[in-house]
Amino acid sequence: MLHVSLQIYLWGLLFSIGCQLADDSTESIAAPSDQSVVHSEETGQPEAELPETPPFTITTRPGEAHLEPAVLPEITPAQITGDRSEIILPDIYSKYAVGGGGRFFIFYLRNLRQLTIFDVSKGKIVKTIPVHPNDLAFAASADKLVVVRMSNQQRVIERFSLLTFEKELTRTLSNNEIIIRMVMGSGSNGPIFCNNAFQNEPRFYDLDTLEPSAIQADWPKRESLRGTLNASTNGRAFGHTKSGSQMISIILGGTGIESFRESNPRYDPLFPGPEGELFYSTLGARNKQLKIIDSTAHLTGIPATHGRFFLHEEKRNSRRTKCAVHLVGQKKPLLSSPFVEKKTDRKGRLLSAQNEWQRYYLIPSAEVMVYLPLSNNQIDLYRIKFEDAAESCEFDYLFVTSLPITLAKRGETYEYPIKARSKQGGIQYQIAAGPPGMTVSSDGVVQWQVPVDYPRYKASVLMSLTDASQQTIFHKYEIAVRGKWKPDENARPRSPSSEIRSIASTLPKITPAQFEGEKKQIKLPAQVSDMVVGAGGRYLFLYLKHLNQIAVFDSSKAKIIKYLPLLSDDICFTAGAQHLIVIDRKNKMIQRWNLSTLESDATVPFPLSEPVFRSAMGHASLGPVILMMGESYKTKSIQFLDPQTLKLKNISPTQLVNNSQFAHWEIGNYLQVSGGGQVAVVNNRIMILSVDNTYEQYTYGLYNKFLDSRDHLLLNYDGSMAYSKEDFYSRFHPKHVRQSKRLQIRLFPATESGFYFDSYGSIYLENNKKFLDSMTSVDPKVSLIRHFENKIGLDFEKRYTLVPSANILVQFPASCEELIVHKVDIDELLEKKGDDYFFLTSNPVPTAPAGQLWQYQIQVRSKKGGVKYKLGSGFPHGMTVSPTGLVSWKVPEKYPLSKVNLEIYLEDNSGKKIVHSFAVFIPSK
């Protein structure tokens, strides 16, 4: 038992240390097939004393090689003479593939029975690989070439290295594996996307094992890959144009996929951008849901192999074509390429084909455009001079042309010089997120002395570049960390429980945000998938699933101040007064972040085997965290987690509904908690938490005649009011108080007591139907979700947040790729209001340490003034409230309870009354 306890302690210790490093990895380099044996890199013999990886490292399981960082070969400017180079191949090719992130082009010369590999950086053929003239399919990744040979005698799949060109692995295919087509991201680590002719269905294969991948894909019956199929450079997105006039986007997320479909009567090919965020067709750029985006509408394009560029056919005649290089979001060209000369056949007739436009490739780091003429025996390289953009470009530009260095070794210095260009100059580089110790110089050189005890095999980096025109772009990439891991002999043992600090007695102060104009827009590096409020409204935490990060928006500063790395992309999270709690469903871990430092202070194993579907807590409370357990929407039970100890709490129901006991909560997936943390909406019930670790539950079936199936209740700060799509109610006595026929209106409570608002920007006082003001800067159509469109990003209930103390309203547009911050002058609105008003503006001090003096200054807004304060029943002995609203209590050294529920009655000269209810925690010493 002692040995087991020590093991558990060490696991918790090492996870706690490792998660303070700014790394968002859930995966590492694929382990050998025998996971229990670690071999020496030099001898191949088992090592018992010093493992190559730390025992707590989260490793990829078989079939998950695509989750590892791809190590790209260096791409240097192409070694060609002049502005154009023409390379003639030994024979005509019938198929080709691109690998190495655009550095290698692999051609199948069937007559010569060989694969010919062309190196763009060197500008020449570097290798030929003999193959048999049977049915052949092949694809290339960042550093691998995969070949499938199909014949009556043999069916094999083989893997070659693009760095050494040596064969690494061969596997015999089974009788039901008839692979007739395959594609991979040219800068990826897989997966291999294949069409299996045996069952006429798509299938993913793992690049490391060449076995079927762990990716779970639920394809429609008789789905096939007939038609055009293209992959993003990073291998996370695929564009498929079916012969049945339909285009499909296929997006990988971990070991699952999601797909979106759109009609395609013109049979246009679909090209994913290098990061899989955009798709290009002849009608212009599209999002993942295949909706045309306005910024580049009606510009046909072929995306570059990396960076924010795409090619557009600018001029064309019967003999030659001129291409233009565009930046994403710009209709005007950045620069133009030389004229591309067309080829003729032996009789002088021009060669043409429907898919001719697919033969252009822009490789920014090689500073060339590759064109593959229709003669199928030639490669044309055209020099692209990005420095010429300074003279010819008509708009302010800022872009990166370099390809990141994606490999770092423990104990060595990692270095990556960023190559960026700006018309206005003055580029400032900043690390928005990255591992501890990483730096960037004023001229854009990224350096990192990789610790020998760095515990993970992947580090994610997010660079922010801002130029003299205040234009900002993001440069994101992943680094594979390799080399021998060595334990830090100077590391001090610690456990998560020892890291629990004394809880601060107040929430962080929220001050009015200062910025020019009525509103400001903040671009985000990725789409927001979820959002929670924390620290009483001081912070909004934005989940960027595609980056495995949470962006922290500071309401007082009206800007993103930090990016928090996560352990995986399968999480649920919530925030309270002092902590951000992230539950990693994939690795079954809980990670806690201290909101006073925005640093991770504890990581522990999740205490239950049952999966967590959703979590929530009061954004200004100390918990508990309510956990909705079960798969998908089929909720099985409710559990409670203490955010201070990260252990489960035993909180049981005390009241039965309709004289019947509920063994399970109703099927559903909705969970929301009031800011103070005492009241929650769980599916179709109201939950009220009590001081003695119990809760009461009520159905809100009385509301159902006013609510449709898409409507949810949102609780105000203290849980006394609930807001729906068009109405608000008291907690137990629903009143149908207002209706509106305006398009998709929604009522929202503010993060503090006293206010609510609607999606049209009208702000109201609580319990009042007359609005203070209607903000002209708020356009509700920007955030509108139409029912006939694919839902993306945030639920509509999370697309608006009003933080009164910061004087801002935050709005998320439908794309969820930016946020709009609207300025709201609360003081000015109240001055203009003619009616009497009386409401609270302060948040209670949540903790009262034993043996210390606890004080809380109640703050209110009253037009008439003359506020009187009175303690309600049940207050502890020795507690007082002054005429100015200062509540004081000298907490006894040995107080028997851990929480006290308080009620304070307030009344002003107008006769308006407020019952101020809240709880105070007495933490144990």
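This briefing covers the fold, cores, strand pairings, cavity and two individual residues of the structure above.

The model is predicted. The protein has 925 residues, and 56% of them count as buried. It contains 3 helices and 72 strands. Two separate nonpolar cores, a set of paired strands and one cavity are described below.

**Overall figures**

- The exposed surface of the protein comes to about 40,300 Å². Carbon and sulfur atoms supply 48% of that area.
- Take the contacts in the protein with a separation of 6 or more: 55% of them join residues 24 or more positions apart.

**Nonpolar cores**

- The largest nonpolar core holds 30 residues. Leu-542, Phe-553, Ile-560, Ile-808 and Leu-819 touch the most other members.
- Several strands each supply at least two residues of this core: strand 32 (428–433), strand 38 (530–534), strand 39 (539–544), strand 40 (549–554), strand 41 (559–565), strand 63 (808–811) and strand 64 (818–823).
- Strand 39 gives the largest share of this core, with 3 residues.
- Leu-819 is in contact with Leu-542, Phe-553 and Ile-560, leaving aside neighbours within four places in sequence. On the same terms, its contacts also include Lys-520, Gln-521, Ile-522 and Leu-524. Val-810, Gln-811, Phe-812 and Pro-813 complete the list.
- A second core is separate and has 28 residues. Val-681, Ile-686, Ile-688 and Phe-757 are among them.

**Strands 3, 4 and 5**

- Strand 4 spans residues 114–119 and is mostly covered, with 6 of its 6 residues buried.
- In a regular strand, side chains alternate between the two faces of the sheet.
- Both faces of strand 4 are covered. Gln-114, Thr-116 and Phe-118 lie on one side, and Leu-115, Ile-117 and Asp-119 on the other. These residues are all buried.
- Strand 3 (residues 104–109) pairs with strand 4 in the antiparallel sense, over 6 bridges. Phe-105 has Phe-118 in strand 4 as its bridge partner.
- A hairpin with 4 residues between the strands links strand 3 and strand 4. In its turn, Arg-113 has a positive phi of about 55 degrees.
- Strand 4 also pairs with strand 5 (residues 124–130), again antiparallel and over 6 bridges. Here the bridge partner of Leu-115 is Ile-129 in strand 5.
- Strand 4 and strand 5 form a hairpin too, with 4 residues between them. Gly-123 in this turn has a positive phi of about 70 degrees.

**A three-stranded sheet**

- An open sheet of 3 strands runs in the order 66-70-69, with antiparallel pairing.
- Strand 66 (853–857) and strand 69 (880–881) are the edge strands, and each pairs on one side only.
- Strand 70 (residues 886–890) pairs with strand 66 in the antiparallel sense over 5 bridges. Trp-854 has Trp-889 in strand 70 as its bridge partner.

**Cavity**

- Rolling a probe the size of a water molecule over the atoms shows where empty space is left.
- The count comes to 1 cavity of 30 Å³ or more. The largest cavity holds about 260 Å³ of space.
- Its lining has 22 residues. Gly-676, Gln-678, Tyr-717, Phe-918 and Ala-919 are the closest to the cavity centre.
- Strand 72 (residues 913–921) contributes the largest share of the lining, 5 residues.

**Two residues, exposed and buried**

- Gln-79 sits in the loop between helix 1 (2–18) and strand 1 (84–88).
- Gln-79 counts as exposed because its relative accessible area, 57%, is over 50%.
- Not counting residues up to four places away in sequence, Gln-79 touches Val-120, Ser-121, Lys-122 and Gly-123. Gly-123 is in the turn between strand 4 and strand 5.
- The C-alpha atoms of Gln-79 and Lys-122 are separated by 5.3 Å, although the residues are 43 apart along the chain.
- His-579 belongs to strand 43 (residues 579–584).
- His-579 counts as buried because its relative accessible area, 10%, is under 20%.
- His-579 touches Arg-592, Trp-593, Asn-594 and Leu-595, not counting residues up to four places away in sequence. By that count it also touches Thr-574, Asp-601, Pro-643 and Gln-644.

Terms used. Residues are numbered from 1 along each chain as its sequence is written. This is a predicted model: local features need pLDDT of at least 70, side-chain atom pairs count only at pLDDT 80 or more; totals for chains, interfaces and linings use all residues. Side-chain values use heavy atoms; hydrogens and water are left out. A nonpolar core is a set of buried Ala, Val, Leu, Ile, Met, Phe, Trp, Tyr and Cys residues joined through side-chain atoms within 4.5 Å. Buried means under 20% relative accessible area, exposed over 50%, partly exposed in between (1.4 Å probe, protein chains only). Contact means heavy atoms within 4.5 Å. Accessible areas come from the Shrake-Rupley method with a 1.4 Å probe; for residues, only the protein chains shown count as cover. Two strands pair if DSSP finds at least two bridges between them. On a 1 Å grid over the protein atoms alone, a cavity is a set of points where a 1.4 Å probe fits but cannot get out, and a pocket is an open set with protein on both sides within 12 Å along at least five of seven lines; lining residues have an atom within 4 Å of a point. Grid points are joined across faces, edges and corners, and a volume is the space filled by probe spheres set on the points.
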